[in-house]
Amino acid sequence: IDCSALVQLALARGGVRSMRDAWQQEDDPALGAYVDPQAPRRRGDVVFFKGHVGIMVDDVKIINATTTTMRVETESLDLVAARNGGIKAVRRPYP
């Protein structure tokens, strides 16, 4: 499973339909409103990087499918951001 499929499947389990690829998900209004990338994170925020996406588990950890280990992992957001050139965008699901 790749990162965007992980996000798509997780959102589908919550009743949210989304596009398939990370670049499509970034522009998909079904994923919620944009949040300032510097704002504190919340569980459920969808975080985008160049060519990568994941979902926040809490305010510091993200779950993502990573090519670094070829697995789905929960990692520090700071580590994932550093590895992927920083945070590009954040969407917060609608309440």
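**Salt bridges and nonpolar cores**

Glu75 is buried, with a relative accessible area of 10%. This places Glu75 under the 20% limit that defines a buried residue. The model discussed here is predicted. The partner of Glu75 in a salt bridge is Arg83, and their closest N and O atoms lie 2.9 Å apart. Arg83 has a relative accessible area of 31% and is therefore partly exposed. In this pair the acidic residue is buried, whereas the basic residue is partly exposed.

Side chains of opposite charge can pair when their charged atoms come close. In this model the count of salt bridges comes to 6. Another of them joins Asp45 to Arg92, with 2.7 Å between the closest N and O atoms. Asp45 sits in the loop between β1 (33-35) and β2 (46-49), while Arg92 belongs to strand β6 (residues 89-92), so the bridge ties together parts that are 47 residues apart in sequence. Both Asp45 and Arg92 are buried.

A further salt bridge is formed by Asp2 and Arg20, whose closest N and O atoms are 3.2 Å apart. This pair also links distant parts of the chain: Asp2 is in the segment before α1 (3-13), and Arg20 is in the loop between α1 and α2 (22-26), a separation of 18 residues. Asp2 counts as partly exposed because its relative accessibility is 35%. Arg20, at 34%, is partly exposed as well.

The nonpolar residues give another view of the fold. The largest nonpolar core has 12 residues: Cys3, Leu6, Val7, Leu11, Ala22, Leu31, Val46, Phe48, Val53, Ile55, Ala65 and Ala89. At least two residues of this core come from each of α1, β2 and β3 (52-56). Helix α1 supplies the largest share, 4 residues.

Leu11 is one member of this core. Leaving aside residues up to four places away in sequence, Leu11 touches Val16, Ser18 and Leu31. Of these contacts, Leu31 is itself listed in the core. Apart from this core there is a second, separate one of 9 residues, among them Val47, Ile62, Leu77 and Val90.

Strand β2 spans residues 46-49. Val46 and Phe48 are in the largest core, whereas Val47 is in the second. Strand β6 covers residues 89-92. Ala89 is part of the largest core, Val90 is part of the second, and Arg92 forms the salt bridge with Asp45.

Methods. Residues are numbered from 1 along each chain as its sequence is written. This is a predicted model: local features need pLDDT of at least 70, side-chain atom pairs count only at pLDDT 80 or more; totals for chains, interfaces and linings use all residues. Side-chain values use heavy atoms; hydrogens and water are left out. A salt bridge is a side-chain nitrogen of Lys or Arg within 4 Å of a carboxyl oxygen of Asp or Glu. Buried means under 20% relative accessible area, exposed over 50%, partly exposed in between (1.4 Å probe, protein chains only). A nonpolar core is a set of buried Ala, Val, Leu, Ile, Met, Phe, Trp, Tyr and Cys residues joined through side-chain atoms within 4.5 Å. Contact means heavy atoms within 4.5 Å.
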